[in-house]
Amino acid sequence: ALGGCRYLAYPNDETAVADAARLAQGMSYKAALAGLSVGGGTAVIIRPVHVESRAALFEAFGRCVEKLDGRFITSIDRGTSVADMDCIAQNTRFVTSTTAAGDPAPHAAMGVFAGIRTTAMARLGSDNLEGLRVAVQGLGNVGYALAEQLHA
């Protein structure tokens, strides 16, 4: 399975599990649409109020991923960074979005941008977005990169 690693504070365990299930389902659809021979998965680490060492936490997570022996490949998601992926990579090769691999957000935004242009072509007969209004929900890494592309 492919999927991100989220590191967020959740109000309770049930909310975290529901978020993980929803995200894994979405990743399954993405993998299928991309023609990949993998399913979707997601890791959710419930952020504690205080953590002594963020690096140690993600290194430990890397050891967990390694035990799955390639059945899960993780990457950056909300609340995590390239630096966190570097910590995970100290204990497993089943991680991407490291400093060496780079942040996938601009590439994901390009995919969304291409989808917007394709939709405009199908509905409006032109992929020219000049003068169109587009709502972007959320300005995280992907949303912000998309907003920059739309602005340009």
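## Gly 62 in helix H2

A residue counts as buried when its relative accessible area is under 20%. In this predicted model, Gly 62 has a relative accessible area of 0% and is therefore buried. Gly 62 belongs to helix H2, which spans residues 54-67.

Apart from neighbours within four places in sequence, the contacts of Gly 62 are Ile 88, Asn 91 and Thr 92. Ser 37 provides a contrasting reference point: 25 residues separate Gly 62 and Ser 37 along the chain, and their C-alpha atoms are 23 Å apart.

## The aromatic pair between S1 and H2

The structure contains 1 aromatic pair. Its members are Tyr 7 and Phe 58, whose ring centres lie 5.2 Å apart and whose planes meet at 70°, so the arrangement is edge-to-face. The assignment follows because planes over 60 degrees apart count as edge-to-face.

Tyr 7 is part of strand S1 and Phe 58 is part of helix H2, so the pair ties together parts that are 51 residues apart in sequence. Both Tyr 7 and Phe 58 are buried.

## Arg 6 in strand S1

Arg 6 is located in strand S1, which covers residues 2-8. Is Arg 6 buried or exposed? With a relative accessible area of 9%, Arg 6 is buried, because this value falls under the 20% limit.

The side chain of Arg 6 forms a polar contact of 3.0 Å with the side chain of Asp 77. Asp 77 is also listed among the residues that Arg 6 touches beyond four places in sequence. The others are Asp 19, Arg 22, Leu 23, Ala 43, Val 44, Ile 45, Arg 78 and Thr 80.

## Thr 74 in strand S3

Strand S3, formed by residues 73-76, includes Thr 74. The relative accessibility of Thr 74 is 0%, so this residue counts as buried.

Which backbone atom lies 3.3 Å from a polar atom of the Thr 74 side chain? That atom is the backbone oxygen of Gly 3. Gly 3 also appears among the residues that Thr 74 touches when those up to four places away in sequence are left out. The list further includes Gly 4 and Cys 5, together with Phe 61, Val 65 and Ile 88. Phe 94, Val 95 and Thr 96 complete the contacts of Thr 74.

## A shared contact

Ile 88 appears in two of the contact lists: Ile 88 is in contact with Gly 62 of helix H2, and Ile 88 is touched by Thr 74 of strand S3.

Notes: Residues numbered from 1 in each chain as written. Predicted model: local features only at pLDDT ≥ 70, side-chain atom pairs only at ≥ 80, totals over all residues. Heavy atoms only, no water. Helix = DSSP H or I, 4+ residues; strand = E, 2+ residues; numbered from the N terminus. Buried < 20%, exposed > 50% of the residue type's maximum accessible area, 1.4 Å probe, protein only. Polar contact = N/O pair within 3.5 Å; in protein donor to acceptor, adjacent residues only side chain to side chain. Contact = heavy atoms within 4.5 Å. Phe/Tyr/Trp six-rings, centres within 6.5 Å; stacked < 30°, edge-to-face > 60°.
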